[in-house]
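Biologist: Mind if I quiz you about the terms you use for this one? Let's have it on screen first.

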Amino acid sequence: MTTQGITTVLHPVTDLGKAKAVYAALLGAEPTADSEYYVGFDVAGQHIGLVPNAASQGMTAPVSYWKVEDIEAKLSEVTAAGGSVKEPAHEVGPGRRVATFTDADGNVLGLLQDS
């Protein structure tokens, strides 16, 4: 089963307003999603998300989400290879499922499936 590449990177932030200004300047674009609980930018085929209060959810570093065709099958592959499921596959919006796992060094990686 092939992976289609990194399509989304989520960054934990402590001050959403300040982070939004920095990322807008970096990316040269305004957010495509802008709320008090999430800010997202779509630039050059990538989605960059800012997640406030992420540390309280255990997110302490950016997480890259790899787009896959079958999230359950890919979770099975990475766990068989030595990865550990951190967050099982679940819906985050209509037709979108995500999951996270850790590699052997504890790095958190994400999977994303659009139906």
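**Pocket and helix, term by term**

Modeller: Start with β6 (a strand being a DSSP E run of at least two residues, numbered from the N terminus), which gives the most to the lining of the largest pocket: five residues. This is a predicted model, where local features need pLDDT of at least 70, side-chain atom pairs count only at pLDDT 80 or more, and totals for chains, interfaces and linings use all residues. Residues are numbered from 1 along each chain as its sequence is written, and side-chain values use heavy atoms, leaving out hydrogens and water.

Biologist: What makes the lining of the largest pocket nonpolar, polar or charged by class?

Modeller: Ala, Val, Leu, Ile, Met, Phe, Trp, Tyr, Cys and Pro count as nonpolar, Asp, Glu, Lys and Arg as charged, and the others, Gly among them, as polar. By that split, the lining has 14 nonpolar, eight polar and three charged residues. Among those nearest the pocket's centre are Leu 10 and Glu 87.

Biologist: Which residues of α2 are buried?

Modeller: Ile 71, Lys 74, Leu 75 and Val 78; buried means under 20% relative accessible area (1.4 Å probe, protein chains only).

Biologist: Why say that the buried residues of α2 line one face?

Modeller: Down the axis of α2 they fall within an arc of 105 degrees, so they share one face of the helix. The arc is taken from the directions from helix axis to C-beta atoms.

Biologist: What makes Asp 70 a cap for α2?

Modeller: A side-chain oxygen of Asp 70 lies 3.2 Å from the backbone nitrogen of Glu 72, at the N-terminal end of α2. After the helix comes Gly 82, with a positive phi near 115 degrees.

How values were computed: Buried means under 20% relative accessible area, exposed over 50%, partly exposed in between (1.4 Å probe, protein chains only). Helices (H or I, at least four residues) and strands (E, at least two) are DSSP runs, numbered from the N terminus. A polar contact is a pair of N or O atoms within 3.5 Å; within protein, one must be able to donate a hydrogen and the other to accept it, and residues adjacent in sequence count only if both atoms are side-chain atoms. On a 1 Å grid over the protein atoms alone, a cavity is a set of points where a 1.4 Å probe fits but cannot get out, and a pocket is an open set with protein on both sides within 12 Å along at least five of seven lines; lining residues have an atom within 4 Å of a point.
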